[in-house]
Amino acid sequence: MMISNAENPIVKNKNPKLTLLPLIALIFYDVSGGPFGVEDSVRAGGGPLLSLLGFVIFPFIWSIPEALVTAELATSFPENGGYVLWISAAFGPFWGFQEGFWKWFSGVMDNALYPVLFLDYLKHSLPIFNHLLARIPALLGITVSLTYLNYRGLHIVGFSAVSLAIFSLLPFVVMSVLSIPRIKPKQWLVVDLKKVDWRGYFNSMFWNLNYWDKASTLAGEVENPSKTFPKALFGAVILVVFSYLIPLLAGTGALSSSPNEWSDGYFAEVGLLIGGFWLKWWIQAAAAMSNMGLFEAEMSSDAFQLLGMSEMGMLPAIFALRSKYGTPTISILCSATGVIFLSWMSFQEILEFLNFLYSIGMLLEFAAFIKLRIEKPDLHRPYRVPFETFGATMLCIPPAILLVLVMCLASVKTFFVSCAVIILGVFLYPILVLVKEKNLMQFISEQPELTMPPTVSLEHQLVVSKLHQEAEDEASISLLSDSSAKTEQESSKISNRVSNVTVEKHL
C-alpha cells in the first residue's frame, strides 16, 4: 500500500527545531565528546609525539575537508536522511540505499562503544564491572535509559548535549591549569618507532576525528540549516581539536608515564597524579556524562537517517512514525536493538569494523560531491566550498588516500565481516523493492521536497527547470540568492507547483 506525504501525518513534525548551540554540541558528540578514548593513540604511537602530531595534522587532511563537503551538501539537501540523499542524487537510489545501510550499521557499531567506554572508566574505581555478571545488566540498563531520553525529543537531546559538553570538558581545563608547573616540553618529543602499532594508531586517529557528516541526517530538524550548518561545523571543528590537544599536552608533558600505560580510561589516573582523588573522580564522572552525550548524538543521527530513508520510500513507512515528542519511535528502537547485540564485542574489534564500513561510505560521499559539482553546477548551494570543480576534487584526494590506508590496515577478520555486511545490503535492496511492488508493507510514495530531488525522472527535472525559469522571468530575481524575502516566497510557490506536477504524474 502506498501513501503520500500529504496524506501521511507521521512525517510531520511541529516540535522545536535545533538552533546553533545545540547543533554544535550534537556535532561535537557525533565526532568526539572530549578526550575520552584518545589515550590509545599515545600507546599505539609509541609515545606522545605521534599522538600530538596526529591531532595537529589529521584535522587538515581529514576533518576540515569532510566538514566542508558536509556543509555544502547538507545545505543543498536540507532534509532528514543526509548522505543518503546526496548519494541518491549522484548515483541513484540503489547506491543511496547501500550508503544508508553501511552508515547506519557503522553508526550502530559506534554507539555500542559508549556503554563499553562508560564501564571502562568506572571499573578503575569500581572493579566489580570487570565481571560479566555485573557488566551485562549495566550495559542493558545504560542502553535502555539513554534510548528513552532520545525518545523524549531531539530538542531535549540538543540542550542536554550542551550541558554535558560543559560538564565533560571542565575537569580537563582544571587539570591543564594544575599541570602547568610540572610540564616538561621535552617529554612531548618522546617516540619509540619500534613500538608503533600503525594499525592501532591510524584507527585511533581516524575514529577520533570522523563522523562530521553524521549530523546531516537530521538536517530537516535544524532551524535555517543553510546558515546554521556551516557555522556549527566550523565551531565544532575548533572545539574537537582543542578538546584533544590540551589534555594530551597536559598529561604527557606533566607525567613521565610509559606509553604502555596509556589505554582507555587512563586520563582518570592522570587526574589522580596531577590533582588527587577528587580530580580522578571528577574525570570519571565527566567520562560517564560524555559517553551519555556520545550515545544520544549517535542514536539521534542513526534514527533520523532511517526516518529520512523511509520518507524517500526506501524503507517501510513505519520507520517514519513519530512519537508525540517528534522522534522516530521505530527507528530509535531498531538502532537500540543493534547496540545491545553489538555491545558484547571488544573496543578494538568494534573500532576496526566501524572504521572499515565508514571508509567505504565516505569514499562514495566524496565521489558524489565531485559528480554533483560536474553534472549539476546549477544546483542550489546555500553554502559552497570556496573552490571550483578542480580545487574541490583536489580537496577530496588527501582524505580519500587516508580512507584507503585505513581499509588496507584492517585485519582479515574485519575484511570478511565488512564484506558480509556489504553483501547483505546488496540483497536487502531488491527484497525491499519487491515488498514495495507487491504492497506487502506500507511505503511513502513521494520524495521529500528538495532543491533538486535525488531520484526523479528526466522529465520531472525538466519541469522543475522550466518552472524555475518562469519564476525568474516573472519576478526578475535569482533563486541562487537566499538574502531576499521575495526569493524565499517565489521558491515556496515553485515547490508547491512542482509538488502538484509530481502528484499529477503519480496519478
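Helix H3 bends by about 50 degrees at Pro 59, and in this predicted model the helix is mostly covered, with 22 of its 29 residues buried. The chain around helix H3 has 17 helices and 2 strands, and buried residues make up 57% of its 507 residues. Residues 24 or more positions apart account for 84% of the contacts in the chain with a separation of 6 or more, while the accessible surface comes to about 20800 Å², of which 69% belongs to carbon and sulfur atoms.

**Helix H3 and its link to helix H13**

- Helix H3 covers residues 48–76, and at 1.5 Å a residue its 29 residues should span 42 Å, which agrees with the 41 Å that separates its end C-alpha atoms.
- Trp 62 lies in helix H3 and Phe 366 lies in helix H13 (residues 347–375), so the aromatic pair that they form ties together parts that are 304 residues apart in sequence.
- The pair of Trp 62 and Phe 366 counts as edge-to-face because the ring planes stand at 90 degrees, over the cut-off of 60 degrees, and the ring centres are 6.1 Å apart.
- Both partners are covered: Trp 62 counts as buried because its relative accessibility is 1%, and Phe 366 is likewise buried, with a relative accessible area of 3%.

**Other aromatic groupings**

- A search of the whole structure finds 25 aromatic pairs, and one of them joins Tyr 83 and Trp 86 in an edge-to-face arrangement, with 6.2 Å from centre to centre and 90 degrees between the planes.
- Tyr 83 and Trp 86 are 3 residues apart in helix H4 (residues 83–91), so about one helical turn separates them, and both residues are buried.
- The ring of Tyr 83 also has a charged neighbour, in that the charged end of Lys 103 sits over this ring at 4.2 Å from its centre.
- One aromatic cluster is formed by Phe 94, Trp 95, Phe 97, Phe 101, Trp 102, Phe 105 and Tyr 429.

**Helix H1 and Leu 294**

- Helix H1 consists of 12 residues (residues 20–31), which at 1.5 Å a residue should span 16 Å, and its end C-alpha atoms are indeed 16 Å apart, so the expected and modelled spans agree.
- Helix H1 is mostly covered, since 10 of its 12 residues are buried, and these buried residues include Pro 22, Ile 24, Phe 28, Tyr 29 and Asp 30.
- Gly 33 follows helix H1 and has a positive phi, near 90 degrees.
- Leu 294, which is found in helix H11, is buried with a relative accessible area of 3%.
- Although Leu 294 and Phe 28 are 266 residues apart in sequence, their C-alpha atoms are 8.5 Å apart in space.
- Leaving out residues up to four places away in sequence, Leu 294 touches Tyr 29, Ser 32, Gly 33, Asn 111 and Tyr 114.

**Loop residues**

- Most residues other than glycine have a negative phi.
- Tyr 211, by contrast, has a positive phi, near 75 degrees, in a residue other than glycine; Tyr 211 is found in the loop between helix H8 (198–208) and helix H9 (225–254), and it counts as buried at 1% relative accessibility.
- Asn 439 likewise has a positive phi, near 55 degrees, in a residue other than glycine, and its place is in the loop between helix H15 (412–437) and strand S2 (443–444).
- With a relative accessible area of 44%, Asn 439 is partly exposed, because this value falls between the 20% under which a residue counts as buried and the 50% over which a residue counts as exposed.
- Ser 323 is found in the loop between helix H11 (277–311) and helix H12 (329–342), and its relative accessible area of 13% makes it buried, because that value is under 20%.
- Apart from its neighbours within four places in sequence, Ser 323 is in contact with Tyr 151 and Thr 329.

Note on methods. Residues numbered from 1 in each chain as written. Predicted model: local features only at pLDDT ≥ 70, side-chain atom pairs only at ≥ 80, totals over all residues. Heavy atoms only, no water. Helix = DSSP H or I, 4+ residues; strand = E, 2+ residues; numbered from the N terminus. Expected span 1.5 Å × (residues − 1). Bend = angle between axes of the 7 residues up to and from the residue. Buried < 20%, exposed > 50% of the residue type's maximum accessible area, 1.4 Å probe, protein only. Phe/Tyr/Trp six-rings, centres within 6.5 Å; stacked < 30°, edge-to-face > 60°. Lys NZ or Arg CZ within 6 Å of the ring centre and 35° of its normal. Contact = heavy atoms within 4.5 Å. Areas by Shrake-Rupley, 256 points an atom, 1.4 Å probe, with all protein chains shown as cover.
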